[in-house]
Amino acid sequence: MAEIEAAQPAQVDVSKSSNDPAEGYEKKCIFCKIVNKEMGTELLHCDEEISCFRDIKPGAPHHYLIVPTKHVGNCKSLRKENVPLVKRMVETGKEILQKNNITDLNDVRFGFHWPPFCSVTHLHLHVLAPASQMGFMSRLFYRLNSYWFITTF
């Protein structure tokens with residue numbers, strides 16, 4: 001009798017189907033998939049509003065992407081009401097850097113690529129540190145207040 005009970009499958013909670021897209025989720029967006037843990041990417045920070053993960057092509061020893069958990073278009077689509085979100089993204093970036101023993105905020109770079117120079121249309125803040133250790137191409141690609149990269153501070 002005990003053998004029969006052990007062979008029965010475990011109960012699975014199906015009250016929330018993973019096939020139902022969440023509000024603010026774009027099914028073709030790679031960052032939406034990462035935030036929803038569909039890609040196996042390690043999330044360094046995740047809450048209701050903000051998520052953070054490492055850039056797959058790091059431009060500095062510490063290169064993180066801070067994204068809204070809900071899909072928001074690129075930086076060109078930002079409006080006045082998005083200012084608190086962007087401030088929270090920057091603060092989250094600072095917290096991640098501090099957790100990784102980066103304390104010199106004068107040697108970091110925070111910014112957004114301006115369309116059409118962004119490869120993913122989900123808003124994402126690049127956090128790079130130390131900026132002094134960025135290579136030639138990274139210094140060009142993440143150049144302060146350039147035509148293609150807008151820094152936050």
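User: Leaving out residues up to four places away in sequence, which residues does His 122 touch?

Analyst: One thing first: this is a predicted model, and everything below is read from its atoms or from a record. To read a contact list, skip the sequence neighbours and see what remains. For His 122, that leaves Cys 29, Phe 31, Cys 32, Val 67, Pro 68, Lys 70, His 71, Val 72 and Gly 73.

User: Where is His 122 placed, and is it buried or exposed?

Analyst: Take the element first, then the accessibility. His 122 sits in the loop between β4 and β5. The cut-off for buried is under 20% relative accessible area. His 122 comes in at 0%, so it counts as buried.

User: Which side chain makes a polar contact with the side chain of His 122?

Analyst: For polar contacts, look at N and O atoms within 3.5 Å. The partner here is His 71, and the two side chains are joined at 3.2 Å. His 71 also turns up among the residues that His 122 touches.

User: Which residue does the UniProt "active site" annotation cover?

Analyst: Treat that one as a record rather than as something read from the atoms, since annotations may be inferred rather than shown by experiment. The entry is unreviewed, and its "active site" annotation covers His 124. As for placement, His 124 lies in the loop between β4 (109-113) and β5 (125-129).

User: Is His 124 buried or exposed, and what is it in contact with beyond its neighbours within four places in sequence?

Analyst: Same routine as before. With a relative accessible area of 8%, His 124 is buried. Its contacts, sequence neighbours aside, are Phe 31, Leu 65, Ile 66, Val 67, Met 89, Gly 111, Phe 112 and Cys 118. Lay the two histidine lists side by side and you'll find Phe 31 and Val 67 in both.

User: What lies 2.7 Å from a polar atom of the His 124 side chain?

Analyst: Don't stop at side chains when you look for polar partners; check the backbone too. Here it's the backbone oxygen of His 122.

User: On to charges. How many salt bridges does the structure hold?

Analyst: Four. For each one, read the N to O distance, then ask where the two partners sit. Glu 42 and Arg 54 pair up at 2.9 Å. Glu 42 is in the loop between α2 (30-35) and β1 (45-46), while Arg 54 is in strand β2 (residues 50-54), so this bridge ties together parts that are 12 residues apart in sequence. Arg 54 is partly exposed, at 42% relative accessibility.

User: What parts does the salt bridge of Glu 49 and Arg 88 tie together?

Analyst: The closest N and O atoms of Glu 49 and Arg 88 are 2.8 Å apart. Glu 49 belongs to the loop between β1 and β2, and Arg 88 to helix α3 (residues 83-99), so the linked parts are 39 residues apart in sequence. Both partners are partly exposed: Glu 49 at 35%, Arg 88 at 29%. Don't read the pair in isolation, though. Asp 47 joins Glu 49 and Arg 88 in a network of salt bridges.

User: Where do Lys 94 and Glu 91 both lie?

Analyst: In helix α3, three residues apart, which is about one turn of the helix. Their side chains form a salt bridge at 3.5 Å, N to O. Glu 91 is partly exposed, at 40% relative accessibility.

User: Which residues make the nonpolar surface patch?

Analyst: For a patch, read its members and its area together. Phe 136, Met 137 and Leu 140 make one of about 370 Å². Met 137 lies in helix α4 (residues 136-141). Exposed means over 50%, and Met 137, at 57%, is therefore exposed.

User: Last topic, the backbone. Which peptide bond is cis?

Analyst: Omega is the angle to check. The bond from Ala 129 to Pro 130 is cis, with omega near -20°. Pro 130 is in the loop between β5 and α4.

User: What is phi in Asn 101 and in Asn 145?

Analyst: Scan for positive phi in residues other than glycine. Asn 101 has phi near 65°, and Asn 145 about 40°. Asn 101 is in the loop between α3 and β4, whereas Asn 145 is in the loop between α4 and β6 (149-151). Each counts as exposed: Asn 101 at 68%, Asn 145 at 54%.

Key:
Residues numbered from 1 in each chain as written. Predicted model: local features only at pLDDT ≥ 70, side-chain atom pairs only at ≥ 80, totals over all residues. Heavy atoms only, no water. Helix = DSSP H or I, 4+ residues; strand = E, 2+ residues; numbered from the N terminus. Buried < 20%, exposed > 50% of the residue type's maximum accessible area, 1.4 Å probe, protein only. Contact = heavy atoms within 4.5 Å. Polar contact = N/O pair within 3.5 Å; in protein donor to acceptor, adjacent residues only side chain to side chain. Patch = residues over 30% accessible without salt bridge, like charges linked within 9 Å, V, L, I, M, F, W, Y side chains within 5 Å. Areas by Shrake-Rupley, 256 points an atom, 1.4 Å probe, with all protein chains shown as cover.
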